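Here is a short tour for anyone meeting this protein for the first time. Have a look at the model, then read on.

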Amino acid sequence: VFVPDKNSYELKYQEKYYEINIDPIQIQRTIIGSIIFIRDTTEKIIAEEDKKNLMNELMLQVETKNRFISILSHDLRSPMQGFLGITDLLSSNLDDLSNTEIKEMIESLNQSAKRQSELIEDVLTWSRLTNHNVKIDKEELNLREEVQNVIMLLHLSAESKNIALNNSIAKGLTVYCNRNMLQLVIRNIISNAIKF
C-alpha cells in the first residue's frame, strides 16, 4: 500500500487564512485514517503581504530617487555649460572686450546665476515632493510666461549650439498646476530639444 507524504494546504475562509496539514495514520502498511491539523495563519499572511507592499514601495522610492538624480544632473548641466562659456570668454578675452561687451556678459552671468538659483530651489522642492514632505500647491499660471522663464534659463546653452529658442505660445493661455513641476517638465523638454 502506498503511503503519501504529509500533505499541506492553504485555505481562505471569511477573510481568514488557514493552513491545513494532513498526516496519514498507517498500521502495517495500511492507511486507517488521517490526523488533520488546522492552523490560523491570518496574521502571518497579512504580515507577508505588508512586507511585500513595503518592498514594492521601497523599490518605487529607489526608482524615483534614481530618476530624480538623473533629472538633477541633466537640469544642472545645461545652464552651467553656458555659464562656464561666458566666464571662459571673459577670462581669456578681457583685454580685447569693450566696456559694453563686458557689461552685457556680466548681465548674462547675473541672469544665469539667478536662473541657476531658481533651478536649485526647484530641485529641492522636487526632492521634498518625492519624500512627501510638502503639499503640492496649484495655481493658475500663464503658460507663455512660464515657458519664457525656462527659455531665459537655457538660452546660453542653446546659443552655444547656434539654436534659436522661440516662444510661440498664445499670450492668454493659462494652465492650473504646480509652478515648480510645470517648469521642471518644460525644462526637460527644451533641454532635450537642445541636446538632441
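## A first look around

Of the 196 residues of the protein, 29% count as buried. Keep in mind that this is a predicted model. The accessible surface adds up to about 13,900 Å², and carbon and sulfur atoms account for 55% of that area.

How many helices and strands does the protein have? There are four helices and five strands. Walk along the sequence and you'll meet them in the pattern β-β-β-α-α-β-α-β-α. Contacts reach well along the chain, too: among those between residues at least 6 apart in sequence, 60% join residues at least 24 apart.

## The sheet

Let's start with the strands. Three of them make an open sheet in the order S1-S2-S3, with antiparallel pairing. Strand S1 (7-13) and strand S3 (30-40) are the edge strands, each pairing on one side only. On average, and ignoring direction, neighbouring strands of this sheet are turned by 25 degrees against each other.

Now for the pairings themselves. S1 and S2 run antiparallel to each other and are joined over seven bridges; in this pair, Ser8 sits opposite Asn21 in S2. Strand S2 (residues 16-27) also pairs with S3, again in the antiparallel sense, over 10 bridges. Here you can find Ile22 standing opposite Ile36 in S3.

## Some unusual backbone angles

Most residues other than glycine have a negative phi, so a positive value is worth a look. The hairpin of S1 and S2 has two residues between the strands, and in this hairpin Gln14 takes a positive phi near 50 degrees. Glu15 isn't a glycine either, yet its phi is positive, at about 65 degrees. Glu15 lies in the loop between S1 and S2. Is Glu15 buried or exposed? Glu15 is exposed, with a relative accessible area of 63%.

Further along the chain, Asn162 has a positive phi near 55 degrees, and this residue is not a glycine. Asn162 is found in the loop between helix H3 (143-159) and strand S5 (174-177). With a relative accessible area of 74%, Asn162 is exposed.

## Two nonpolar cores

Time to look inside. The largest nonpolar core has 13 residues, and those with the most contacts inside it are Leu154, Leu182, Ile186 and Ile190. H3 and helix H4 (179-195) each supply at least two residues of this core. Which element gives the largest share of this core? That would be H3, with seven residues.

Ile190 is a handy residue to zoom in on. Setting aside its neighbours within four places in sequence, Ile190 is in contact with Val150, Ile151, Leu154 and Leu165. Apart from this core lies another one of seven residues, among them Leu90, Ile102, Met105 and Leu109.

## Charged pairs

Side chains of opposite charge can pair when their charged atoms come close. The protein has four salt bridges. Three of them are listed here, including the closest N to O distance in each.

| Pair | N to O distance |
|---|---|
| Asp40 and Lys16 | 3.6 Å |
| Arg39 and Glu19 | 3.2 Å |
| Arg179 and Glu146 | 3.0 Å |

Take Asp40 and Lys16, whose side chains meet in a salt bridge. This pair links distant parts of the chain, with Asp40 in strand S3 and Lys16 in strand S2, 24 residues apart. Asp40 is partly exposed, at a relative accessible area of 43%, and Lys16 also counts as partly exposed, at 35%.

Then there's the salt bridge between Arg39 and Glu19. Arg39 belongs to strand S3 and Glu19 to strand S2, and the two are 20 residues apart. Arg39 is partly exposed at 44% relative accessibility, whereas Glu19 is buried at 16%.

The salt bridge of Arg179 with Glu146 takes us back to the helices. Arg179 is in helix H4 and Glu146 in helix H3, 33 residues apart in the chain. Which of the two is buried and which is partly exposed? Arg179 counts as partly exposed, at 33% relative accessibility, while Glu146 counts as buried, at 3%. Glu146 and Arg179 also belong to one network with Glu139, joined by salt bridges that share partners.

Key
Residues are numbered from 1 along each chain as its sequence is written. This is a predicted model: local features need pLDDT of at least 70, side-chain atom pairs count only at pLDDT 80 or more; totals for chains, interfaces and linings use all residues. Side-chain values use heavy atoms; hydrogens and water are left out. Two strands pair if DSSP finds at least two bridges between them. Axes are lines fitted to C-alpha atoms, for helices over the stretch in contact, and angles run from 0 to 180 degrees between N-to-C directions. Buried means under 20% relative accessible area, exposed over 50%, partly exposed in between (1.4 Å probe, protein chains only). Contact means heavy atoms within 4.5 Å. Accessible areas come from the Shrake-Rupley method with a 1.4 Å probe; for residues, only the protein chains shown count as cover. A nonpolar core is a set of buried Ala, Val, Leu, Ile, Met, Phe, Trp, Tyr and Cys residues joined through side-chain atoms within 4.5 Å.
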